[in-house]
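Visitor: I'm new to reading protein structures. Could you show me one and explain how its labels are earned?

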Amino acid sequence: QVQLVESGGGLVQPGGSLRLSCAASGRTFSTPTIVWFRQAPGKDRYFVARINWSWISNVGRTYYTDSVKGRFTIPRDNADDTVYLQMNSLKPEDTAVYYCAASTTDGGSSWNDYDVWGQGTQVTVSS
């Protein structure tokens, strides 16, 4: 069973950048999908981005919600045990607790697709 720990959150001004890390341990080969969700206070938990690996070809396919396309990226590389979320051109509406999660299947954009969750890291975008 994979275990996940998020880090890298903090306070940043609008237009700034932040890189989140999701450090994985355990049976990472059994988790072909790593996803990022975010949850603002009083709001639901929403999909942000994910990477789905083909372990045969070692190719990662990335997907992003419309509101972050062109601003957030996940590196298509699973060489180590850390998945990153590079966040550029941050906006106040990006403020949330960011969670990474893992699926043993080819997961999608629903929170209930995922079995293992990290503890979350706070991202605050404010002037």
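Guide: Buried residues make up 43% of the 127 residues in this protein. It's a predicted model, where local features need pLDDT of at least 70 and side-chain atom pairs count only at pLDDT 80 or more, while totals for chains, interfaces and linings use all residues. Residues are numbered from 1 along each chain as its sequence is written, and side-chain values use heavy atoms, with hydrogens and water left out.

Visitor: What makes a residue buried or exposed?

Guide: Buried means under 20% relative accessible area, exposed over 50%, and partly exposed in between, using a 1.4 Å probe and protein chains only. Take D106: its relative accessible area is 55%, so D106 is exposed. R61 comes out at 36%, so R61 counts as partly exposed.

Visitor: Why is the protein called as compact as a globular protein of its length?

Guide: We start from zero helices and eleven strands; helices (H or I, at least four residues) and strands (E, at least two) are DSSP runs, numbered from the N terminus. The radius of gyration is 14 Å, close to the 14 Å from the globule rule for 127 residues, so the label fits. That radius is taken over C-alpha atoms, and the rule is 2.2 Å times the number of residues to the power 0.38.

Visitor: How do you know that R38 and D94 form a salt bridge?

Guide: A salt bridge needs a side-chain nitrogen of Lys or Arg within 4 Å of a carboxyl oxygen of Asp or Glu. For R38 and D94 the closest N and O atoms are 2.9 Å apart, so the pair passes. R38 sits in strand β4 and D94 in the loop between β8 and β9, so the bridge ties together parts 56 residues apart in sequence. Both R38 and D94 are buried.

Visitor: What makes R61 and D106 a salt bridge too?

Guide: Their N to O distance is 3.6 Å, which is within the 4 Å limit, so R61 and D106 qualify. The whole structure has four salt bridges.

Visitor: Why does E6 have no salt bridge?

Guide: E6 is buried, and its nearest side chain of opposite charge, R45, is 7.7 Å away, so the 4 Å cut-off isn't met. Lys and Arg count as positive, Asp and Glu as negative, and His and the chain ends aren't counted.

Visitor: Which backbone nitrogens lie 2.8 Å from a polar atom of the E6 side chain?

Guide: One belongs to Q119, and another to G120.

Conventions. A polar contact is a pair of N or O atoms within 3.5 Å; within protein, one must be able to donate a hydrogen and the other to accept it, and residues adjacent in sequence count only if both atoms are side-chain atoms.
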